[in-house]
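The following exercises are to be worked with the sequence and the coordinates at hand. Each task is followed by a solution in steps.

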Amino acid sequence: MLDPQVQYISNDKGEVTGVILPVQLWQSILGELETQHLLKSDAMRQRLLEAKQRGEGIAFETALTQLGLE
């Protein structure tokens, strides 16, 4: 994926030492890494698949209230 917004940082020898990414791209990468981590566990993989198939949920504010966090 070549993104013109991605900038590479190099040292005086021309070696790439860092990258500057748009925040949205970075958040997307973090989300993918978290998903990969969760899928390593058989139990968590099963929970994620069940949640995906469920297709229903509750509002965030409702969840906070039910958990006594609001």
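Helices (H or I, at least four residues) and strands (E, at least two) are DSSP runs, numbered from the N terminus. The model is a predicted one, in which local features need pLDDT of at least 70 and side-chain atom pairs count only at pLDDT 80 or more, while totals for chains, interfaces and linings use all residues. Residues are numbered from 1 along each chain as its sequence is written, and side-chain values use heavy atoms, with hydrogens and water left out.

**Exercise 1. Overall form**

Task: Establish the order of the elements of the protein and judge its radius of gyration against that of a compact globule.

Solution:
1. The protein has three helices and two strands.
2. Read from the N terminus, these elements follow the order β-β-α-α-α.
3. The radius of gyration is taken over C-alpha atoms, and the globule rule is 2.2 Å times the number of residues to the power 0.38. For a compact globule of 70 residues the value would be near 11 Å, but the protein has 19 Å.
4. The C-alpha trace spans about 55 × 30 × 20 Å along its principal axes.
5. Buried means under 20% relative accessible area, exposed over 50%, and partly exposed in between (1.4 Å probe, protein chains only). Of the 70 residues, 6% count as buried.

**Exercise 2. The hairpin**

Task: Describe how strand β1 is joined to strand β2.

Solution:
1. Two strands pair if DSSP finds at least two bridges between them. Strand β1 (residues 7–10) and strand β2 (residues 16–20) run antiparallel and are joined by four bridges.
2. Serine 10 stands opposite valine 16 of β2.
3. Five residues lie between the two strands of this hairpin, and glycine 14 in the turn has a positive phi of about 85°.
4. Serine 10 and glycine 68 are 58 residues apart along the chain, and their C-alpha atoms are separated by 50 Å. Glycine 68 belongs to the segment after α3 (60–66) and is exposed, because its relative accessibility is 57%.

**Exercise 3. The nonpolar patch**

Task: Identify the residues that form a nonpolar patch on the surface.

Solution:
1. Patches are made of residues with over 30% relative accessible area and no salt bridge; like charges are joined within 9 Å, nonpolar side chains (Val, Leu, Ile, Met, Phe, Trp, Tyr) within 5 Å.
2. Accessible areas come from the Shrake-Rupley method with a 1.4 Å probe; for residues, only the protein chains shown count as cover.
3. The patch consists of Trp26, Ile29, Leu30 and Leu33, which together have about 360 Å² of accessible area.
4. Tryptophan 26 lies in helix α1 and is partly exposed, because its relative accessible area is 44%.
5. Isoleucine 29 is placed in helix α1 (residues 23–39); with 32% relative accessibility, isoleucine 29 is likewise partly exposed.

**Exercise 4. Helix α2 and its salt bridge**

Task: Determine which side chains meet in a salt bridge and how far apart they are in helix α2.

Solution:
1. A salt bridge is a side-chain nitrogen of Lys or Arg within 4 Å of a carboxyl oxygen of Asp or Glu. The structure holds one.
2. The partners are arginine 45 and aspartate 42, at 2.8 Å, N to O.
3. About one helical turn separates arginine 45 from aspartate 42, because they are three residues apart in helix α2.
4. Arginine 45 is partly exposed at 33%, whereas aspartate 42 is exposed at 59%.
5. Just after α2, glycine 55 takes a positive phi of about 70°.
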